[in-house]
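User: I should like to learn how to read burial, strand pairing and core packing in a protein model. Please take me through one example.

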Amino acid sequence: MASLVSTSARADTFSFSFSGIFFSGSGTFTATEVGHTNSYDVTGVTGNVKSGGSTSAITSVLGVDGFRNNDNELIFPLVYPGLGFGTKFFDSNGVSFSLANGNEVNLNGIWDIEGPAKEFDLPQFDSVSVTENSPVPEPSSLALFGIGIMGVAGAIRRRLAV
């Protein structure tokens, strides 16, 4: 009977968008919660950033300390508002990711920065929105396997009894 107990797992994904004077973007973060702290380590990102009339795809999360001392930490639900410049879901180090056009973006608790790798950076104050996507429960493989085995065993037993 223990094999019939099912636990549900979930992937932590968050939709995000940001907009400001110089650049804006949207996409999805994939993240893992650190304990039960409302703090998440961002491990993946997809989406697009629009800057200067052109759009560039987000290609990957940068490693920790890859751009502006980023720590790739997302805070959800929001525990503090920004410094009067809109809502923020990041600490002062922020989450950084690279773009297909060679630029990098850092979303943090003070402002957002876009710039070519290791060159001039363009900071802006903007508005950021982050929402958690509905968790999708996944069936437990062991429970499904156990039910299948019980069904096969029952069919064999019934056949042998006849």
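User: Which residues of strand 6 are buried on one side and which on the other?

Analyst: A preliminary remark on the model is in order. This is a predicted model, in which local features need pLDDT of at least 70, side-chain atom pairs count only at pLDDT 80 or more, and totals for chains, interfaces and linings use all residues. Residues are numbered from 1 along each chain as its sequence is written, and side-chain values use heavy atoms, with hydrogens and water left out.

Buried means under 20% relative accessible area, exposed over 50%, and partly exposed in between (1.4 Å probe, protein chains only). Strands (E, at least two residues) and helices (H or I, at least four) are DSSP runs numbered from the N terminus. In strand 6 (95–99), Val95, Phe97 and Leu99 are buried on one side, and Ser96 and Ser98 are buried on the other. Strand 6 is largely enclosed by the rest of the structure because 5 of its 5 residues are buried.

User: Which strands pair with strand 6, and in what sense?

Analyst: Two strands pair if DSSP finds at least two bridges between them. Strand 4 pairs with strand 6 over 3 bridges in the antiparallel sense, and Val61 has Phe97 as its bridge partner. Strand 7 also runs antiparallel to strand 6, joined by 4 bridges; here Phe97 is partnered with Val105. Strands 6 and 7 form a hairpin with 3 residues between them, and Gly102 in the turn has a positive phi of about 95°.

User: Where does Asn72 lie, and is it buried or exposed?

Analyst: Asn72 is in the loop between strand 4 (54–61) and strand 5 (73–75). With a relative accessible area of 5%, Asn72 is buried. A contact means heavy atoms within 4.5 Å; beyond residues up to four places away in sequence, Asn72 touches several residues, including Tyr40, Val61, Gly94 and Ser96. A polar atom of the Asn72 side chain lies 3.1 Å from the backbone nitrogen of Ser96.

User: Which residues of the largest nonpolar core touch the most other members?

Analyst: A nonpolar core is a set of buried Ala, Val, Leu, Ile, Met, Phe, Trp, Tyr and Cys residues joined through side-chain atoms within 4.5 Å. The largest such core has 23 residues, of which Phe18, Phe29, Phe90, Phe97 and Val130 touch the most other members. Strand 3 supplies the largest share of this core, with 4 residues.

User: How many helices and strands does the protein have?

Analyst: The protein has 10 strands and 1 helix. Of its 162 residues, 34% count as buried.

How values were computed:
Polar contact = N/O pair within 3.5 Å; in protein donor to acceptor, adjacent residues only side chain to side chain.
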